[in-house]
Amino acid sequence: RDVLTRDGIEKIGHNLKFDLSVLLAHGIEIRGPFFDTMLAHSLIDPDQRHSMNYLSETYLHYTPVPITSLIGTEKDDLFSQATMADVAAQDARKVADYAAEDADVTWQLAAKMRPELKEQTYVFESIESPLLPVLTKMENFGVKIDVQALREYGIELEKKAKELEKRIQDNAG
């Protein structure tokens, strides 16, 4: 807990927002800096897939053990898909091996991606990564919305859209 909640110790992961959310649900608020390989890759190559398995095969030429080999798939039967807790109760070694491989692959991916960030380094380090805990809290606790102000703004936007539509039609003849 001390390492996770201490500022200045980089936390590396893949889809860190999910991990931050799980830990926040257990009362642990993680502090950055963060290096999320999924987020980094979305800046490096936005048009590609960003799954850890895809990135591992692309960058490391290695195919990790898929999580479905441990817990099954939703498609099989929604109610029969296991959780990691179920697997751990049956065979803790499988979960430990999976988690160690996941951590190792993510660590290696981060090392390969850092140099590729180049021009996006500022955006990644100053904007995207610091937003991870903010978005996590928003998703977990929600956001307060002023419904009346939102309605009024919607009316204002609708008026502007109608004015623009009229100007376009007038200019087009």
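These legends walk through several views of a predicted model.

Because this is a predicted model, local features need pLDDT of at least 70 and side-chain atom pairs count only at pLDDT 80 or more, while totals for chains, interfaces and linings use all residues. Residues are numbered from 1 along each chain as its sequence is written, and side-chain values use heavy atoms, with hydrogens and water left out.

**View 1. The whole protein, with nine helices and two strands.** Helices (H or I, at least four residues) and strands (E, at least two) are DSSP runs, numbered from the N terminus. Starting at the N terminus, the order of elements is α-β-α-β-α-α-α-α-α-α-α. The protein is more spread out than a compact globule, because its radius of gyration is 22 Å, well over the 16 Å that the globule rule gives for 173 residues. Here the radius is taken over C-alpha atoms, and the rule is 2.2 Å times the number of residues to the power 0.38. Along the principal axes, the C-alpha atoms fill a box of roughly 70 × 40 × 40 Å. The accessible surface comes to about 12,100 Å², and 56% of it belongs to carbon and sulfur atoms. Such areas come from the Shrake-Rupley method with a 1.4 Å probe; for residues, only the protein chains shown count as cover. Of the 173 residues, 24% are buried. Buried means under 20% relative accessible area, exposed over 50%, and partly exposed in between (1.4 Å probe, protein chains only). Among contacts (heavy atoms within 4.5 Å) between residues at least 6 apart in sequence, 62% join residues at least 24 apart.

**View 2. Helix H3 and what covers it.** Helix H3 spans residues 37-44 and is mostly covered, with six of its eight residues buried. Those residues are Thr-37, Leu-39, Ala-40, His-41, Leu-43 and Ile-44. What covers them includes strand E1 (11-13), strand E2 (34-36), helix H4 (52-60), helix H7 (92-117) and H8. Look also at the N-terminal end of H3, which is capped by Asp-36: a side-chain oxygen lies 2.9 Å from the backbone nitrogen of Met-38. This is a polar contact, meaning a pair of N or O atoms within 3.5 Å; within protein, one must be able to donate a hydrogen and the other to accept it, and residues adjacent in sequence count only if both atoms are side-chain atoms.

**View 3. A nonpolar patch on the surface.** Tyr-122, Val-123, Ile-127, Leu-131, Val-134, Leu-135, Met-138, Val-143, Ile-145, Val-147 and Leu-150 make a nonpolar surface patch of about 950 Å². Helix H8 (121-141) and helix H9 (147-172) are the elements that give two or more residues to this patch. The largest share, seven residues, comes from H8. Patches are made of residues with over 30% relative accessible area and no salt bridge; like charges are joined within 9 Å, and nonpolar side chains (Val, Leu, Ile, Met, Phe, Trp, Tyr) within 5 Å. A salt bridge is a side-chain nitrogen of Lys or Arg within 4 Å of a carboxyl oxygen of Asp or Glu. One member to find is Leu-131, in helix H8; Leu-131 is partly exposed, with a relative accessible area of 34%.

**View 4. Thr-136, a buried residue of helix H8.** The relative accessibility of Thr-136 is 2%, so this residue counts as buried. Its side chain reaches the backbone oxygen of Leu-132 at 2.8 Å. Leaving aside residues up to four places away in sequence, Thr-136 touches Lys-17, Leu-20, Ser-21 and Leu-24.

**View 5. Val-95 in helix H7.** Val-95 is buried, with a relative accessible area of 18%. Not counting residues up to four places away in sequence, Val-95 touches Met-84, Val-87 and Ala-88. Between Val-95 and Gly-173 there are 68 Å in space, C-alpha to C-alpha, and the two are 78 residues apart in sequence.

**View 6. Backbone details in three loops.** Most residues other than glycine have a negative phi, and most peptide bonds are trans. The peptide bond from Gly-32 to Pro-33 is cis, with omega near 10 degrees, and Pro-33 lies in the loop between helix H2 (16-25) and E2. In the loop between H4 and helix H5 (68-71) sits His-61, whose phi is near 55 degrees, a positive value. His-61 counts as exposed, at 70% relative accessibility. Lys-118, in the loop between H7 and H8, has a positive phi near 35 degrees. Lys-118 also counts as exposed, at 56% relative accessibility.
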